[in-house]
Amino acid sequence: MKFNQFNIGMIPHKKWLKWLLFFISFFILMYLFLMMPNLTRREALNAFENYLFAHRGLYDNTSYIPENSLLSFQNAIDHGFGIELDVQLTKDKVPIVLHDYDLKRISGENVSVSSLTYEELSNYKLFSSSESIPSLKEALNLIDGQVPLMIELKVGLSYQETCQKVANVLNSYKGPYCIISFSPLALQWFKEQMPHVIRGQLSTNFFKDHIDGPTTIQFMLTHLLLNCLSRPDFISYNYQYLSNPSLNICKHFFGTPIAIWTVQNQEQYEKLSQNDSIIVFDSFLPQSP
């Protein structure tokens, strides 16, 4: 009698255990599905893997060669580096190469980029140099396929127009390039409209970097859970947070290529160059380890 009572008492426990295992398996599979990158174009980054990438060109903002200038791009080419550059739209919808959304840091003027036309922006100089803000077309004409490019899209929620304007310029460019962005929506646009273009998801730890936004979105971006929208070909992640578990699952489980940004001295470079990752550097001239 006691033996039968014991068996009957075990049945609910076994059902509970099965449901627990079911939910654990479901959440693991959902987690993997959400972060899963594109698995079909591993060879797409071959043209990029033998290069170090100069962040905003090879520049010195205290000299005549400021960031995101034509001179900084030529300097990177002369040294054999790939180039990372930033693109956003002017008031008259011209894609220009500029990182900040205003001119305060660059020219000391507290005015937003989106409030000025390209012609108006051309009157401002980059830092203390004589260099003007270049258009994307001008930058591409100079680079002309000599080195590979990482083109970062600076977009907000109205990303479609930026993507379309940039795509219009890129349609006639023959050199190797990829599109990178913190916005999964911008990358999703390229996935759907220009699927041949290589896509890289930019990310960081949004909490530790104190980047404003809804907590849920910060969590999903930090842990690459919106890869389901863009299915990126590679991940470009802040080098300070390479222990992120989602990043490591992408790298070691899915075999996703990784780019790390922004390495800022020779010591960091020598340490991180052992990670079999594409390196984006800034503020120093790398020497081979």
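Which element gives the most to the lining of the largest pocket? In this predicted model, that element is β2, with four residues. The pocket itself holds about 1200 Å³ of space. Its lining runs to 48 residues, and Y101, K154, V155, G156 and F182 are the ones that lie nearest the centre. Besides β2 (82-89), at least two lining residues each come from β4 (149-153), α6 (159-170), β5 (177-181), α7, α8, β7 and β8 (258-263). Sorted by class, the lining of this largest pocket has 21 nonpolar residues, 17 polar ones and ten charged ones.

Next comes the second largest pocket, with about 280 Å³ of space. Here 14 residues make up the lining, and those that lie nearest the centre are E49, I258, D276, S277 and I278. Seven of the lining residues of this second pocket are nonpolar, four are polar and three are charged.

Back to α8, one of the elements that help line the largest pocket. This helix spans residues 215-222, and its buried residues are Q218, L221 and T222. Why do these buried residues sit on the same side of α8? They cover an arc of only 100° around the axis, so they end up on the same side of the helix. As for what they pack against, the partners of the buried residues of α8 are α7 (184-193), β6 (198-203) and β7 (234-238). Two of these partners, α7 and β7, also turn up among the elements that supply the lining of the largest pocket. Just past the end of α8, L224 takes a positive phi of about 60°.

How values were computed: Residues numbered from 1 in each chain as written. Predicted model: local features only at pLDDT ≥ 70, side-chain atom pairs only at ≥ 80, totals over all residues. Heavy atoms only, no water. Buried < 20%, exposed > 50% of the residue type's maximum accessible area, 1.4 Å probe, protein only. Arc of directions from axis to C-beta. Contact = heavy atoms within 4.5 Å. 1 Å grid on protein atoms, 1.4 Å probe; cavity = no way out; pocket = protein on both sides within 12 Å on 5 of 7 lines; lining within 4 Å. Points joined across faces, edges and corners; volume = space filled by probe spheres on them. Nonpolar A, V, L, I, M, F, W, Y, C, P; charged D, E, K, R; others polar.
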